[in-house]
Amino acid sequence: MSDRLLMYSELASWWPLMSDPADYAEEAGIFRDTIRAYSRRSVVCVLELGAGGGNNALHLKRDFCMTLTDISPAMLAVSEALNPECEHVLGDMRTLRLNRRFDGVFVHDAIGYMLTYDDLRAALRTAHEHLAAGGAALFVPDFTRETFVPSTDHGGHDGPDRAMRYLSWTLPADAGATSYRIVFAYVLKDGSGIRGIQETHQFGLFSRLDWLRALREVGFEAYAVPYEHSTFHEGPREMFCGVHP
Ligand SMILES: C[S@@+](CC[C@H](N)C(=O)[O-])C[C@H]1O[C@@H](n2cnc3c(N)ncnc32)[C@H](O)[C@@H]1O
């Protein structure tokens, strides 16, 4: 499970050096515009599930009042440092119940950690339970079964007193598989030298039809939305919007 992953526990403080908050400006703008476009109410307060280090929230908070939730206390701490003015709540997106309704709900790549259809539906139900009538929930999986492509990637950044680089290897999914794996090699450089750590993350892989069915089953009007970003060289991906009728 993701709460046992090093990246979101012992290594969480390295997250901003793996994924620079400044790099999220383009996508956060797309997410903001999509939530507004599908919403039938004015969007003031947005709940984010699996907000991680708060990199999207850094940009979204300029337009929305953000409540940020995550299953990892260490990742919440990273986000609290970046977004001290936002409310932070510890919770699993499958079971979280704040007993409040928001104008919008947002779930970025954290939705990928839902490995089964039942878990996916539980997370969508959480979103539905926290949405006011006419509100829109936006879900942004890295891939659906239709858009999935194996690949490699690398990145990382220098900080003032330490640096991180990573290589990621998105492995081919077996035929008919409902999940895929990314093997990460993290290389950490600090005062004590350079060390490497390898870790495998597993992600759910659902078809567009599964996504739309799960959204409808929990009570949403369901929409598949093309998602184009300047770094997607394999073509557009797809995100999903649920509107609370
Ligand atoms: C890639 S990070 C998210 C980064 C985020 N998009 C950002 O803007 O910084 C994935 C996050 O999903 C969280 N996560 C995984 N499973 C979860 C669950 N069941 N409920 C809530 N958060 C979860 C992890 O703890 C991790 O912080």
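In what sense do S2 and strand S3 pair, and over how many bridges? I pulled up the predicted model to check. S2 and S3 (residues 87-90) run parallel, with four bridges between them. I picked out one contact point: Asp-70 has Leu-90 in S3 as its bridge partner.

Next I followed the chain between these two strands. S2, helix H4 (residues 73-82) and S3 form a β-α-β unit, and I noted it as right-handed.

Then I turned to the S1 side. Strand S1 (residues 45-49) pairs with S2, also in the parallel sense, over five bridges. The chain gets from S1 to S2 by way of helix H3 (residues 55-60), in a right-handed β-α-β crossover. For the register, I wrote down that Val-46 has Met-66 in S2 as its bridge partner, while Leu-47 is matched with Thr-67.

I also looked up burial for S2. Five of the six residues in this strand (residues 65-70) are buried, so the rest of the structure largely encloses it.

Zooming out, I traced the whole sheet. It is open, has seven strands and mixed pairing, and reads S3-S2-S1-S4-S5-S11-S10. S3 and strand S10 (221-227) are the edge strands, each pairing on one side only. Ignoring direction, neighbouring strands in this sheet are turned against each other by 20 degrees on average.

Last, the helices lying on the sheet. Helix H2 (residues 25-38) lies across several strands, including S1, strand S4 (102-107) and strand S5 (131-139), and runs at about 145 degrees to S5. Helix H6 (residues 208-217) lies across S10 and S11, and I noted about 145 degrees to S10.

Technical notes: Residues are numbered from 1 along each chain as its sequence is written. This is a predicted model: local features need pLDDT of at least 70, side-chain atom pairs count only at pLDDT 80 or more; totals for chains, interfaces and linings use all residues. A residue is buried if 20 or more other C-beta atoms lie within 10 Å of its own, exposed if 12 or fewer, and partly exposed in between; C-beta atoms are placed from the backbone. Two strands pair if DSSP finds at least two bridges between them. A crossover is right-handed if, with the strands pointing away from the viewer, the path from the first strand over the helix to the second runs clockwise. Axes are lines fitted to C-alpha atoms, for helices over the stretch in contact, and angles run from 0 to 180 degrees between N-to-C directions. Two residues are in contact if their C-beta atoms, placed from the backbone, lie within 7 Å.
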